[in-house]
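Colleague: I'm new to reading models like this one. Could you take me through how the labels are decided?

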Amino acid sequence: MTSQNIRIKASHIIAFDGTRHRHLRDGELVYRGGEILYVGKRYNGQVDRTIDATGKVVSPGFISTHAHLSGSPLDRSYLEDCGNPQFYFSGLYDYLPIQRQATDRDMCRVCLEYSLAELLRNGTTTVVEMGSYGEDLASLVPVLGNRVYIGQGYRSGRWYSPDGKQVLYKWSGDQGMRAMEEAVEFIEKHDGSCDGLIRGLLYPAQVDTCTEELLCKSIELARKLEVPLSIHASQSLIEFNEMLRRNGKTPLAWLRDIGFLQERVILGHAIFIGGSSWTNYPAGDLEIMASSGCSVAHSPWVFARRGIIMESFCRYQQAGITMCLGTDTCPQNMIHAMRWAAVLSKTAERNTASTKAADVFNAATLGGAKALGRDDLGRLSPGAKADIVIFSGRSTNMVPLRDPVKNIVYNAEAEDVETVIVNGRTVVEGGKVKGVDESALNRRLQEAGERLWPRLTSEDPAHRSVDELSPPSLDPWEDGAEIP
């Protein structure tokens, strides 16, 4: 951060008027340290330095409210185009557990560093990470400069599939309570550190792996610590049917009835709900979520790649649910998340106007801020944090430029992000992430993948090779073969 008053003069600023985003043409934004001082047509105060953004778009930083950084992107080139129909093509019960068990800490640290850089490269300034490598992640924040909410995961049991045909649960007694206590210790140690860039949240992992006692204690602690809380819920048909079997209620109805659903609770996914074609179960879950004040972190791509879509973003929004977006695994790219959310909602509704660019842009900014209980993120206005993204307005993807939000959502790529500022610190300049050697990082990630893939066989109950688990797209070239 700097103690100077820095002015950005831009052709297009996506500014916040106290209620909503507005398109400010030929405007100015001034920030000092980590705070925005002014957004408008002409600043009359003292300025120490001016950034010329003529022809460019100045946007608030994006907020990913659901991410798993320590395993992504090692799922790249492995999870695509495959899935077990026995589990309705979800990767939760066979593919991901095998990968996670074969991944060591060094691989996870490479993934953390790569994912943080990837997020910055596409203008994502805040991320909610749920995982097990909080200390490693916290050590990287001062280097790269992301704003990070860290939740150390805990649960009362775990699912497993011994044969690829059924999902069973193994319960672990007090282990979940002990892990929750460790998560609280992590929050007490780190919350507010690194000039406020590191914040804590509680993360009871999944609705079907946590007991009622653990979830009720989590809510109690979240209130005491004044932190958000995130949980996976209604993320698969397996889970939905399991909760019906146990409780005679949908996962969301059960969470409501035990007093878990409330504001600052972020539901990961919430796709398999009553009233959707996926469950063929009576409606009611949309109303449950809306009345509770909870938020839904929608990560469209990780489901779309398996042929699953939310039904639909538009319906959830119309029900009054706070919608935000997440990147989940690979890629950690909120531009893509916005695009997929809009297009798949249009597809589900068969209506091009059902979810517009502004709807998903709001979810990626204001929706994420509301979910986290922050009125100083996801907006460009006086008093907000100086989390700022400058897009090229004259690149191949961004011309011609009339409507900056439409261009960002439907046309932009990470290469169009020129500058990223987090808490007043410039962390991306000239399209390059300042805190890493990207070529060296890419090489380390490739080496991690090459160490991982042979390990998958020993972690797979069926002892399949990586090529059997995830068949290559092309047959290999045979030695000695000649083109006829």
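Modeller: Sure, let's start with the cysteines: the structure holds 0 disulfides. Keep in mind that this is a predicted model, where local features need pLDDT of at least 70, side-chain atom pairs count only at pLDDT 80 or more, and totals for chains, interfaces and linings use all residues. Residues are numbered from 1 along each chain as its sequence is written, and side-chain values use heavy atoms, leaving out hydrogens and water.

Colleague: How do you know that Cys-108 is in no disulfide?

Modeller: The nearest cysteine sulfur, that of Cys-111, is 6.2 Å away. A disulfide is a pair of cysteine sulfur atoms within 2.5 Å, so Cys-108 is in no disulfide.

Colleague: And why is Cys-108 called buried?

Modeller: Its relative accessible area is 5%. Buried means under 20%, exposed over 50% and partly exposed in between, with a 1.4 Å probe and protein chains only, so Cys-108 counts as buried. Cys-111 is buried too, at 0%.

Colleague: What makes α4 agree with the span expected of a helix?

Modeller: Helices here are DSSP runs (H or I, at least four residues), strands are E runs of at least two, and both are numbered from the N terminus. The expected span is 1.5 Å times one less than the number of residues. For the 16 residues of α4 (residues 175-190) that gives 22 Å, and the end C-alpha atoms are 23 Å apart, which agrees.

Colleague: Which residues of α4 are buried?

Modeller: They are Gly-176, Met-180, Ala-183, Val-184, Phe-186, Ile-187 and His-190.

Colleague: How do you know that they line one face of the helix?

Modeller: Look down the axis of α4: its buried residues fall within an arc of 155 degrees, so they line one face. The arc is that of the directions from the helix axis to the C-beta atoms. On the other side, Glu-182, Glu-185, Glu-188 and Lys-189 are exposed.

Colleague: What makes β5 and β6 a pair?

Modeller: Two strands pair if DSSP finds at least two bridges between them. β5 and β6 (residues 124-131) are joined by 4 bridges, so they pair, and they run parallel. One link is Phe-62, whose bridge partner in β6 is Thr-124.

Colleague: Why is β5 called mostly covered?

Modeller: In β5 (residues 62-67), 6 of its 6 residues are buried.
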